[in-house]
Amino acid sequence: MCPYYHGRTELRRLEMWTYVLLLMITKLTDKPEAKSYRCHDKVSPQWLGHAEAILYAIEEINKDKLLLPNFTLGYDIRDICTSEINAARYAYQFATASTMNCKEVRCISNHSCFCIVNGSSVDKECLFKNYSTTSPVVAIVGKMSSGVAIPMANFLQAVRIPLMGTSATSEELSMPVYNNILRTIPSDINQARVFADFIERFGWRYVAAVATDDSYGRYGVRALERESIQRKTFCLELFGYAPMLKYKDKLKAIVSSLKLRKTVKVIIVWAHSIFGRSLLVEGVKQGVENRIWMFSEAVAMLRPEYLSSIHNLSSTGIHVGFKVRSEVPESFLQYLESKLVRNRSDEEHFWWKQFWKSVAMNKTSYDNTIPKRNLLHRAHDDFVIYIIDAIYSIAHALDRMLSANASSSSTGKNMYPNSNETVQTGKLIEYLKNVEFEGVTGKVQFDSRGDPLEAIYDIVYFNISKIKENERITKDVIGRSVTLCCSALFLETMQIVHAFNISRHKNWVKAFVCSTKRQVIVLLAIISIEVFLGAGWILLDPPYAHVTIVPKRHVHITCVPFRDVPGKVLESLMLVYLLLVAGCCIYYAYRARNLPAHFNEAKHISFSIYIFLLSWITYYPVDYAAEGWYVAVLSGTTLLLSSYGLLFCIFGPKIYIIIWHPEKNTVEFIRSEMRQNHLTQKINNCNSVKPNETAT
């Protein structure tokens, strides 16, 4: 028996052999080395979720007692590492195994392949050589671009093996010649209609388009041109196609043309993610300003920070995109989370080990020092739901086909077939086109071209993270400012009280009262506690943007202060600490009630603190119990009320003296008042002495 490549750089794969086998071709690592086609070790974190999506779907199907009850679905997941050649080679191996009545196909290290029918006569050919095995499959699921899917579909069309696309959206794949490919993700025909609807909604009459020079970009722009001609409501001008490789010179020329054309205000970018980002970076460099940029789903499906992290992005204008439905089911997130927290990376497959090395600071497994939520966020993307529905589509079609074969068998018995049943892949294509079920993306049903009947798009505003960050910073600055005001009032009242009773205090108290530097140090110390609590809140459980969509009305984005318990606890501690400082301020204001009127700000300070406390005591129950836009309005009103209360009560009396009684705003007047107060205190002290004590 020849040694078998498993988890090597020459062939990255994960498999579970059963009679009914699915092939999943995806990209998990970077592009291969030149000439060798060997994949790199670095795993792209979000692509790991593609492999886990097929494992999750097959695991759920195999547990289902009603769907394929007598069969166990298997899988063979292979990493094409973004190489069209690797994808074609794997498709050839599976086509050979599935159409030449092979028990398996063995390929040795020089890419020579042999069909094994019976026995092991070929074993001599691979003696002392490494080889891989390939078994027949019923269908192929591909998380690949349109440029990779088209040549693969051409090849598989000849051997009648169904190909399920989960991310290839080019309209070219909707042509009748590709009748063996079906897609769970909507075709770009629908996306072109969404672009046209958006353009008409805002009444734009002239738009420009930039696209990549491949099937995805060309057919996307053609579909939009068709909409423009049919509707006659806007004109579309193509500014150029950028090549897939060495596109920077062409990109500079396109941006330069856009800059010169001042009348071009709306720009449509139908391109892959790397090109879309590079276009904006070049736009910032050349000073293209105040334009409306609309991106296709290849860019919009990525995280918002992919574009919003560009330096000075806002100078180029407004950036929106259109993305297909992307609500990942909670059950899959729980499944993925169980993989994340499992401290057994040595038992997981190769890609998990590389994931921990590349993402989790070279750790080999999860531990409590790694934020679980951040890892979960990075370990998948929005395409996983289309992979899950693709697997379920095959399972439903296979279930219906095998059930129909059993019903029409010569025995006349309506029995579900056993695992010896031969699966005809060509016949399976017809059953796939007729499946209908509720999937994670909605109702899954295909038209005659193999495209989904239902297409739903969301509008993405790529400047959204910036709003969240600004709101978070604003609230944090306001919170620190309120603490600063309360701390300053606390120190002021404490200093006045101790100054008028300085003869009764020890030397260190006198040194503190008379030293401005020491008071500043104490003030910074009081504020630092609040700063540390706020920093811990931001690091451990930062706020996030929660999107509430009211169909046909509005999209409301709310800054939610925390996700889990740590953020809630830290926010509560900050509130308690602020109330403690305010309480100390009220205490010293009460002690200063008997001081001279010109030094006694007790009434003003107390009243301002009362306004502050009552405002926030009224606000927080509403904040915790209610949701909606009015909570944000109430938050702003409370901040204004408490801030203006502090300003008016503290500085109002001072302004009154400065304007209407300037004679009281002099050093001589203050010294006279202090001497009078000192004399009054002595008289009061003498009168308070008891007669028997005087006699003594």
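## The largest cavity

The largest cavity is lined by 16 residues. Those nearest its centre are Thr-184, Thr-441, Lys-443, Pro-452 and Glu-454. The model is predicted.

What is the volume of this largest cavity? The volume is about 150 Å³. The structure holds two cavities of 30 Å³ or more. Strand S16, residues 442-445, gives the largest share of the lining, with three residues. By type, the lining residues split into nine nonpolar, three polar and four charged.

## Aromatic pairs

How many aromatic pairs does the count come to? The answer is twelve. Take Phe-202 and Trp-204. Their ring centres lie 5.2 Å apart and their planes meet at 15°, so the pair is stacked. The cut-off for stacking is under 30 degrees. Phe-202 has 46% relative accessibility and counts as partly exposed. Trp-204 has 18% and counts as buried. The limit for buried is under 20%.

Now take Tyr-247 and Phe-275. Their ring centres are 5.8 Å apart. Their planes stand at 70°, so this pair is edge-to-face. Edge-to-face needs planes over 60 degrees apart. Where do the two residues sit in the chain? Tyr-247 is in the loop between strand S11 (235-242) and helix H6 (248-260). Phe-275 is in helix H7, residues 273-286. The two are 28 residues apart, so the pair links distant parts of the chain. Are Tyr-247 and Phe-275 buried or exposed? Both are buried.

## A cluster, and charges over rings

Which residues join Phe-202 and Trp-204 in one aromatic cluster? They are Phe-195, Phe-198, Trp-270 and Phe-322.

Phe-202 also has a charged neighbour. Arg-201 lies over the face of the Phe-202 ring, at 5.7 Å from the ring centre. Another arginine, Arg-222, has its charged end over the ring of Tyr-219. That charged end is 4.9 Å from the ring centre.

## Helix H13

Helix H13 runs over residues 384-407 and has 24 residues. What span should H13 have at 1.5 Å a residue? The expected span is 34 Å. The rule multiplies 1.5 Å by one less than the number of residues. In the model, the end C-alpha atoms of H13 are 35 Å apart, which agrees.

How many residues of H13 are buried? The count is 19 of 24, so the helix is mostly covered.

Key
Residues are numbered from 1 along each chain as its sequence is written. This is a predicted model: local features need pLDDT of at least 70, side-chain atom pairs count only at pLDDT 80 or more; totals for chains, interfaces and linings use all residues. Side-chain values use heavy atoms; hydrogens and water are left out. On a 1 Å grid over the protein atoms alone, a cavity is a set of points where a 1.4 Å probe fits but cannot get out, and a pocket is an open set with protein on both sides within 12 Å along at least five of seven lines; lining residues have an atom within 4 Å of a point. Grid points are joined across faces, edges and corners, and a volume is the space filled by probe spheres set on the points. Helices (H or I, at least four residues) and strands (E, at least two) are DSSP runs, numbered from the N terminus. Ala, Val, Leu, Ile, Met, Phe, Trp, Tyr, Cys and Pro count as nonpolar, Asp, Glu, Lys and Arg as charged, and the others, Gly among them, as polar. Rings of Phe, Tyr and Trp (its six-membered ring) pair if their centres lie within 6.5 Å; planes under 30 degrees apart count as stacked, over 60 as edge-to-face and the rest as tilted. Buried means under 20% relative accessible area, exposed over 50%, partly exposed in between (1.4 Å probe, protein chains only). A charge sits over a ring if NZ of Lys or CZ of Arg is within 6 Å of the ring centre and within 35 degrees of the ring normal.
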